[in-house]
Each structure stands twice: as C-alpha cells, then as structure tokens.
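Visitor: I should like to be taken through this structure by way of a few precise questions. Please reason briefly before giving each answer.

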Amino acid sequence: MRVSDPKILGGLAKLDVELRPRTSLAELTSLGIGGTTDLLRIKKHESIPCLLRLLDDGGTPHKFLGGGSNLLVGDGELPWVILQLVAPEPDIVLEGNLAHVDAAADLGHTVTFCAKNDLGGMEGLIGVPGTVGGALRMNAGAYGMQIGTYVREVKVYRAADRRLETLRGHQISFEYRHTSFAPDDMMLSVTLELPSNPFKEILKGIRICNEKRRSSQPLGQKSAGCIFKNPPGASAGRMIDELGLKGHSVGDARVSDRHANFFVNAGRASAKDMLALIADVREHVQKAFGVELENEVVVWNA
Ligand code: EPU
C-alpha cells in the first residue's frame with residue numbers, strides 16, 4: 001500500500017517520521033518472506049497518537065512491526081502500511097536494578113548489556129532474535145525463564161483509546177507465549193527489574209544456553225523460531241519429528257532437519273509455500289495424535 005494522502009505526507013516531517021516507500025518485508029523478517037509496502041519509521045514516541053490519527057482519518061490501514069523474527073508476512077503488494085520504532089541513543093538506561101529499555105532495542109544486546117552491568121535473569125533469552133518490544137508482546141521465554149517475570153512497568157500506545165499509557169507489571173498477565181496486551185497495543189518501552197549477579201556468573205549461564213541452542217536449533221538458517229506452541233504437557237517438535245517429517249517441504253519452505261518445530265526458508269520460499277507446509281504438518285499431527293497445534297508464529301496474510 002502506498003501512502004498517498006497529501007495530509008499524511010505533509011504531516012510526516014513535522015512528526016519526525018521517515019517514509020521508506022515500497023519496502024520489502026522479506027528484508028525485515030527473519031524468515032525472509034513477505035511482499036512490499038510503505039514503511040513508516042517513527043523516531044519519537046510522542047508522535048504516535050498524531051500519526052495514528054492521520055492514518056485513521058485518511059483510511060490507511062497499518063500494522064506495527066517489531067524485529068520481524070516471529071512473523072510470517074503474505075506475498076505481493078500488502079494492503080497495510082508498516083509502522084516501526086527507531087531505537088533512540090542510548091536505548092537502555094540503568095538505574096540500580098532497573099533497566100529502562102526502549103521497545104526497539106535488540107533483545108540480545110539488552111541481555112548482554114545488562115549482564116555486563118551485573119544484572120542477570122535473562123540468560124535464557126540469549127540467541128533469541130528480535131526486539132524487546134516483540135519479546136514482551138509474546139512473553140518470550142526459553143530454558144525455564146520468561147521476560148514477563150522481570151517486567152515492572154510498560155509504556156504502550158493503546159490504539160483503542162488513542163493514547164500513550166503506562167501499565168504496572170501487575171496489571172499485565174504474562175502466560176506461556178501469551179500476554180494480556182490488546183492486539184493493537186504498541187509496545188514503546190519497558191522497565192525491567194533484574195537480579196544482581198556478577199558478570200562472570202551470568203556469562204556462565206549465557207554460555208550454557210548458547211550451547212544448548214546451537215546444538216538443537218537451526219540458527220544459521222532463515223526461520224521464525226518455533227512455528228507452533230507446545231500443547232500442554234507435550235512438545236510440538238517431538239511430535240513432528242516422530243512422524244518423520246523433518247525435511248518435509250513445500251517449495252522452499254522446509255521442516256528443519258535439526259529441530260522439527262522450526263520451519264526454514266531454504267531458498268526462495270513464498271508465504272503461500274510456508275502456509276501450505278504449516279497446514280500440512282498441522283493436519284499430520286491432528287490425524288496421528290488428535291492434537292490441534294496452535295501457531296506460535298504470527299501470520300499477517302493479506
Ligand atoms: N525434540 C525432538 N525432535 C525435535 C525437536 C525436539 O525429539 O526435532 C525433543 C527434544 O529432544 C526434547 C523435547 O522435544 O526432548 C523438547 O525440545 P526442546 O528442548 O528443543 O524444546 P521445545 O519445547 O521444542 C521450547 C521453545 C523454544 C525454546 C526451547 C528452549 C516453544 C514452542 N518452544 O522448544 O522457543 O527455545 O524450548 O527452552 O515453546 C520459540 O519460542 O520460537 C522457541 C524456539
């Protein structure tokens with residue numbers, strides 16, 4: 001979709017929003033899949049209410065993009081514009097045990113920056129690609145920890161009320177790969193309260209998690225992490241593996257040989273290929289185990 005309304009185009013410079021026309025979402029997502037649309041890069045949180053009002057008044061549909069690492073975007077010309085925050089400098093400010101982090105900050109950078117300042121707790125998230133905002137929305141977790149545990153405060157833009165709001169940690173529920181944020185809430189920044197631990201100790205934990213991840217996940221390949229959530233008490237990866245579906249493919253969309261719940265783009269996979277593979281594997285699992293796997297990957301299909 002093109003931003004063509006003169007009122008919107010005229011407002012962008014004043015709001016410090018950069019327009020990147022005809023951007024390929026394949027280049028902004030870790031799966032390397034997705035069509036094209038106009039991208040609006042937001043440099044000031046304060047601009048958001050005004051920008052969103054302009055877009056809504058001009059009838060321009062939009063979606064908020066984080067780091068694009070848990071996302072499958074449709075092919076071709078996309079029917080919405082994409083909004084993305086640009087991380088400020090610095091994107092993390094420490095205050096005792098508190099880390100004030102911009103939602104656009106890189107998650108891995110946040111984990112290591114806090115660790116170097118003797119703040120731990122997030123070792124399990126090392127190696128998880130994406131932004132802090134994306135991790136928050138999904139309550140990213142691994143190796144027995146989840147980011148929600150450390151959230152003290154979150155600043156969001158609430159599209160439903162068209163305003164910026166600060167939520168205390170106890171006002172948000174963080175569950176397995178799920179939070180109580182509304183689908184159109186836009187994460188802006190978070191304050192994490194992290195346990196003190198000497199860097200050397202945190203580094204040991206980081207190395208262990210890195211090693212586990214390297215040995216079990218296809219890190220060098222284009223993927224969106226796990227495609228399905230684990231059903232209660234079971235492992236989607238193990239079920240798919242037991243069915244012999246590693247290497248199963250539709251076009252260049254392929255079930256990883258390393259971890260069966262990772263589907264990789266082995267070349268020039270389209271969203272259509274990946275969606276067909278997801279549907280096919282879900283059907284195999286449903287038939288064999290009587291379990292309907294739920295997507296973990298977020299799908300934006302036109
Ligand atoms: N397994 C297999 N074959 C496979 C994959 C896994 O037999 O192809 C078996 C493993 O041997 C293990 C069990 O299944 O006994 C669980 O596997 P793993 O430890 O890899 O964990 P997982 O449940 O598949 C979850 C998260 C990952 C996270 C890891 C580590 C979900 C959907 N996935 O994977 O998160 O990194 O635990 O904590 O909850 C993600 O969210 O995108 C993600 C990758």
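The questions below concern a predicted model, beginning with the ligand and moving on to a helix and three residues.

Visitor: Which element gives the most to the shell around the ligand?

Guide: Strand 15 and helix 6 each supply at least two residues of this shell. With three residues, the element that gives the most is helix 6.

Visitor: Into what classes do the residues of the shell around the ligand divide, and which residues come nearest?

Guide: The shell is divided into seven nonpolar, seven polar and six charged residues. There are 20 residues around the ligand, and those that come nearest are Tyr143, Tyr176, Asn230, Arg238 and Glu296.

Visitor: What percentage of the ligand's area does the protein bury?

Guide: Polar atoms of the protein face oxygen atoms of the ligand at several places: an N or O atom in the side chain of Arg177 is 2.9 Å from a ligand oxygen, and one in the side chain of Arg213 is 3.4 Å from a ligand oxygen. From the backbone, a polar atom of Ala260 is 2.8 Å from an oxygen of the ligand. The ligand taken alone exposes 820 Å², and the share of this that the protein buries is 72%.

Visitor: Where is Pro231 found, and is this residue buried or exposed?

Guide: Pro231 is found in the loop that runs between strand 15 (222-226) and helix 6 (236-242). Leaving aside neighbours within four places in sequence, Pro231 is in contact with Ala236, Met239, Val291 and Leu293. Val291 is 60 residues away along the chain, yet the two C-alpha atoms are separated by 7.9 Å. Because its relative accessible area is 15%, and the limit is under 20%, Pro231 is classed as buried.

Visitor: Do the buried residues of helix 3 line one face of the helix or opposite faces, and within what arc do they fall?

Guide: The buried residues of helix 3 (residues 107-116) are Leu107, Gly108, Thr110, Val111, Cys114 and Ala115. Seen down the helix axis, these residues line one face of helix 3, because they fall within an arc of 165 degrees.

Visitor: Which elements are included in what covers the buried residues of helix 3?

Guide: Two strands are included, strand 6 (92-95) and strand 7 (98-102). The cover also includes two helices, helix 4 (132-138) and helix 5 (199-216).

Visitor: Which residue follows helix 3 with a positive phi?

Guide: At the start of helix 3, a side-chain oxygen of Asp106 comes to within 3.2 Å of the backbone nitrogen of Gly108. At the other boundary, the residue that follows helix 3 has a positive phi, near 65 degrees, and is Asp118.

Visitor: Is Leu65 buried or exposed?

Guide: Leu65 belongs to strand 3. Apart from neighbours within four places in sequence, its contacts are Leu25, Leu28, Leu71, Ile82, Leu83, Gln84 and Trp300. Its relative accessibility is 7%, so Leu65 counts as buried.

Visitor: What is the relative accessible area of Thr60?

Guide: Thr60 lies in the loop between helix 2 (48-57) and strand 3 (62-65). With neighbours within four places in sequence left aside, Thr60 is in contact with Met1, Ile8, Leu55 and Val81. Thr60 is buried, and its relative accessible area is 10%.

Notes:
Residues are numbered from 1 along each chain as its sequence is written. This is a predicted model: local features need pLDDT of at least 70, side-chain atom pairs count only at pLDDT 80 or more; totals for chains, interfaces and linings use all residues. Side-chain values use heavy atoms; hydrogens and water are left out. Helices (H or I, at least four residues) and strands (E, at least two) are DSSP runs, numbered from the N terminus. Buried means under 20% relative accessible area, exposed over 50%, partly exposed in between (1.4 Å probe, protein chains only). Contact means heavy atoms within 4.5 Å. A residue is near a molecule or strand if one of its heavy atoms lies within 4 Å of it. A polar contact is a pair of N or O atoms within 3.5 Å; within protein, one must be able to donate a hydrogen and the other to accept it, and residues adjacent in sequence count only if both atoms are side-chain atoms. Accessible areas come from the Shrake-Rupley method with a 1.4 Å probe; for residues, only the protein chains shown count as cover. Ala, Val, Leu, Ile, Met, Phe, Trp, Tyr, Cys and Pro count as nonpolar, Asp, Glu, Lys and Arg as charged, and the others, Gly among them, as polar. The arc is that of the directions from the helix axis to the C-beta atoms.
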